[in-house]
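Please examine how the two chains of the following model are related and how they meet.

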2 protein chains.
Amino acid sequence: MNDQLRTQKSTDTTQLVLQKTLDIICGKWRLYIIYQLGTEPKRYGELRRMIPDVSEKVLVQELKVLVSLGVVEKKSYGEIPPRVEYSLTAKGRQVLPKLLDLTSIGETFLEP
Amino acid sequence: MNDQLRTQKSTDTTQLVLQKTLDIICGKWRLYIIYQLGTEPKRYGELRRMIPDVSEKVLVQELKVLVSLGVVEKKSYGEIPPRVEYSLTAKGRQVLPKLLDLTSIGETFLEP
C-alpha cells in the first residue's frame, strides 16, 4: 500500500469510528438516557419520570435508536400487566465511564 | 433547599454541562477539525486539504462555531498576502485528550 492510500484508509477508519461515536453521543437525550440506565435496569415508566422534560415520542424514539446501536437492550417479561425493562448492553457498560466523563468537558468550558 | 429543589437543580446543572459538551462534540466535522488542530496551529488552506471531504461553506461555519464556543481561536497576521491561523485555545488543549479518546467508544461498537 502506498502512503497516499494508507493515509486515505486511516482517514476513512477515523471517520467511521468517529461517526459511530457521534451516533451514540449526539441526540438531545441520548447521553442522559444512558446515564439513567448506568446504575441498573429501568422500566419505561421510571425513565419517563427520571427525565421529565423529554416528550414521550422522543423518549421512545431515542430508546429505539440506542437499542439499534447496541448500547441499550430491551427485555420484555411475559407478565400481566406487561413489564418491559431497559438496560445497558455489555458494550454499553464498557464505555459508560467514558460517557460519564464527558460532563467534565462541558464543565471546563462553563468555568469562568 | 428541600430535596426536590436540590434534585431539580442538579438535573438542570447536568443538562447544562451536557449541552455544552454536545455543542462541542456534535456536528459532523467538529471533532475532526479539533483533532487536526491538536498538534499545531493550521492555516485555513491546510485544514481544507487535511479534511478534503468537507465543503468550504461547512468548514468555515464549523470553525466559526468552534471559535464562538471557545475551543478554537483565530489569529490574523497583518501580512500580505493575508495569513490566518486557527489553533486550540487553552481550554481546547485541556480537553483534547478526552476528545481524542472518544474514538475508542466507536471502536468498541465496531468490534464484532
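This report describes the symmetry of the pair and then the interface.

The model is predicted: local features need pLDDT of at least 70, side-chain atom pairs count only at pLDDT 80 or more, and totals for chains, interfaces and linings use all residues. Residues are numbered from 1 along each chain as its sequence is written, chains are lettered from A in the order in which they are written, and side-chain values use heavy atoms, with hydrogens and water left out.

A turn of 180° with a shift of 0.0 Å along the axis lays chain A on chain B with an RMSD of 0.0 Å (least squares on the C-alpha atoms of residues with pLDDT of at least 70 in both). This is the relation of a two-fold axis. Within chain A, Cys26(A) comes closest to the rotation axis, its C-alpha lying at 2.9 Å.

The copies meet through the same surface, because 100% of the interface residues of chain A are also interface residues in chain B. Contact means heavy atoms within 4.5 Å; buried area is the accessible area (1.4 Å probe) lost on being put together, summed over both parts.

| Interface property | Value |
|---|---|
| Residues in contact | 41 of chain A with 41 of chain B |
| Buried area, chain A and chain B | about 3,600 Å² |
| Share of buried area on carbon and sulfur atoms | 73% |

Two salt bridges cross the interface (a side-chain nitrogen of Lys or Arg within 4 Å of a carboxyl oxygen of Asp or Glu). Lys98(A) forms a salt bridge with Asp101(B), with the closest N and O atoms 3.1 Å apart.

How values were computed. Buried area is the accessible area (1.4 Å probe) that two parts lose on being put together, summed over both.
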